[in-house]
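Here is a short note to read alongside the coordinates. Please go through the points in order, with the viewer open.

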Amino acid sequence: MIVIFEGAGQWVGSLFYTSHPMQKVKLHWFIRRTHRFMGVILGLQFLAWTLGGLYFSWTRIENIRGENLRKEAALIPVSDSLAPLGEMLRSLSRTDSFGGISAVSLIEILGETHYQIQYQAGSKKKVRLVHAGTGQWRSPLSEKEAVSLAQSRLLNPGPVESVAYLQATGSHHEYREKPLPAYAVRFGAPSRATVYVAAEWGTVQSFRNDQWRIFDFLWMLHTMDYQGRDDFNNALLRAFSVFGLMTIFSGFALFFISQKHTKYS
């Protein structure tokens, strides 16, 4: 191993060695200056990556997702009194630009069983709710119903601090790429969580707390995707990865060129 290391050192050293003293000084100065500037620029990003990695590894992902705050959804009882699904689908196809079913689910809304029908209508994906017992179509959740549903899914909900009706969200919003419209129900202590309920879907979509928000911010710094936060293939991240390799290699070059060139016998 020593012979291999010495041979590699001799080869790398020969790349940067020159018999002219001034040329060697200029080359040494150029590599050192390049390494210093790249180190300063990349150092901040490396610090962000390190802080993010520490938070990710020291924080339980279950707590970030709010799984320690939520109550599992109630099981849906099976009975023979469920309304025939086929009749409701035929009725739906007569009242909307029906393009086909993508999914049908049985869900529980405040103690009552419903069919959640996801279908294609033209270029849009739509969702309709129908009472599984009576076969009656159900309107989207009201604010009061959304609050009650959010409370039922938390172990210790605490007082409701605010309710917001969301019809659109930006790429940085904590409720992004989720069904809209939705109610954002914010609770005080002890849960201190925001529960997002999709009005037309009749279901809780996500739980957000302060741990998740810290995670989301550090994740943005980690991926360097300052638009949508989840794109690992963005140009900025690729560029910094290449610059990081260049900084490492310039450090190796600086190490070898700083050594006194010696011939090995």
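1. Start at threonine 59, keeping in mind that the model is predicted. This residue sits in the loop that links α2 (21–58) to α3 (61–64). Its relative accessibility is 16%, so threonine 59 counts as buried, the cut-off being under 20%. The side chain of threonine 59 makes a polar contact with the backbone oxygen of tyrosine 55, at 2.9 Å. Which residues does threonine 59 touch once its neighbours within four places in sequence are set aside? They are Ile64 and Gln211.

2. Next, the aromatic side chains. Over the whole structure, a search returns six aromatic pairs. One of them joins phenylalanine 46 and tryptophan 49. Their ring centres are 5.5 Å apart, with 35° between the planes, and the pair is classed as tilted. Both residues belong to helix α2 and are three residues apart, which means about one helical turn separates them. Phenylalanine 46 has 35% relative accessibility and therefore counts as partly exposed; that class runs between 20% and 50%. There is also an aromatic cluster, made up of Phe56, Phe215 and Trp219.

3. Now the sheet that begins with β1. Four strands form an open sheet in the order β1-β2-β3-β4, and the pairing is antiparallel. Its edges are β1 (98–109) and β4 (137–138), each of which pairs on one side only. β4 is held to strand β3 (residues 124–131) by two bridges, and these two strands run antiparallel. To check the register, look at valine 130: its bridge partner in β4 is tryptophan 137.

4. A helix packs on that sheet. Helix α4 (residues 85–95) lies across β1, β2 (112–121), β3 and β4. The angle between α4 and β2 is about 40°. Met88, Leu89 and Leu92 are buried in α4. Viewed down the helix axis, the buried residues of α4 fall within an arc of 100°, so they line one face. What covers these buried residues? The cover includes β1, β2, β3 and β4.

5. The other four strands to inspect are β5 to β8. They too make an open sheet with antiparallel pairing, in the order β5-β6-β7-β8. β5 (160–166) and β8 are the edge strands; each has a single partner strand, so one side of each lacks a neighbour in the sheet. From one strand to the next, the twist averages 20°. Six bridges connect β5 with strand β6 (residues 182–187), again antiparallel. Within that pairing, valine 163 has valine 185 of β6 as its bridge partner.

6. Look at the β8 end of this sheet. Strand β7 (residues 194–198) pairs with β8 in the antiparallel sense, over five bridges. One register point is tyrosine 196, whose bridge partner in β8 is serine 206. The two strands form a hairpin, with four residues between them. Glycine 202 lies in the turn and has a positive phi of about 70°. How many of the six residues in β8 (residues 203–208) are buried? Five are, and the strand is mostly covered.

7. Last, the helix over this second group of strands. Helix α5 (residues 143–152) lies across β5, β6, β7 and β8. The angle between α5 and β6 is about 55°.

Terms used:
Residues are numbered from 1 along each chain as its sequence is written. This is a predicted model: local features need pLDDT of at least 70, side-chain atom pairs count only at pLDDT 80 or more; totals for chains, interfaces and linings use all residues. Side-chain values use heavy atoms; hydrogens and water are left out. Buried means under 20% relative accessible area, exposed over 50%, partly exposed in between (1.4 Å probe, protein chains only). A polar contact is a pair of N or O atoms within 3.5 Å; within protein, one must be able to donate a hydrogen and the other to accept it, and residues adjacent in sequence count only if both atoms are side-chain atoms. Contact means heavy atoms within 4.5 Å. Two strands pair if DSSP finds at least two bridges between them. Axes are lines fitted to C-alpha atoms, for helices over the stretch in contact, and angles run from 0 to 180 degrees between N-to-C directions. The arc is that of the directions from the helix axis to the C-beta atoms. Rings of Phe, Tyr and Trp (its six-membered ring) pair if their centres lie within 6.5 Å; planes under 30 degrees apart count as stacked, over 60 as edge-to-face and the rest as tilted.
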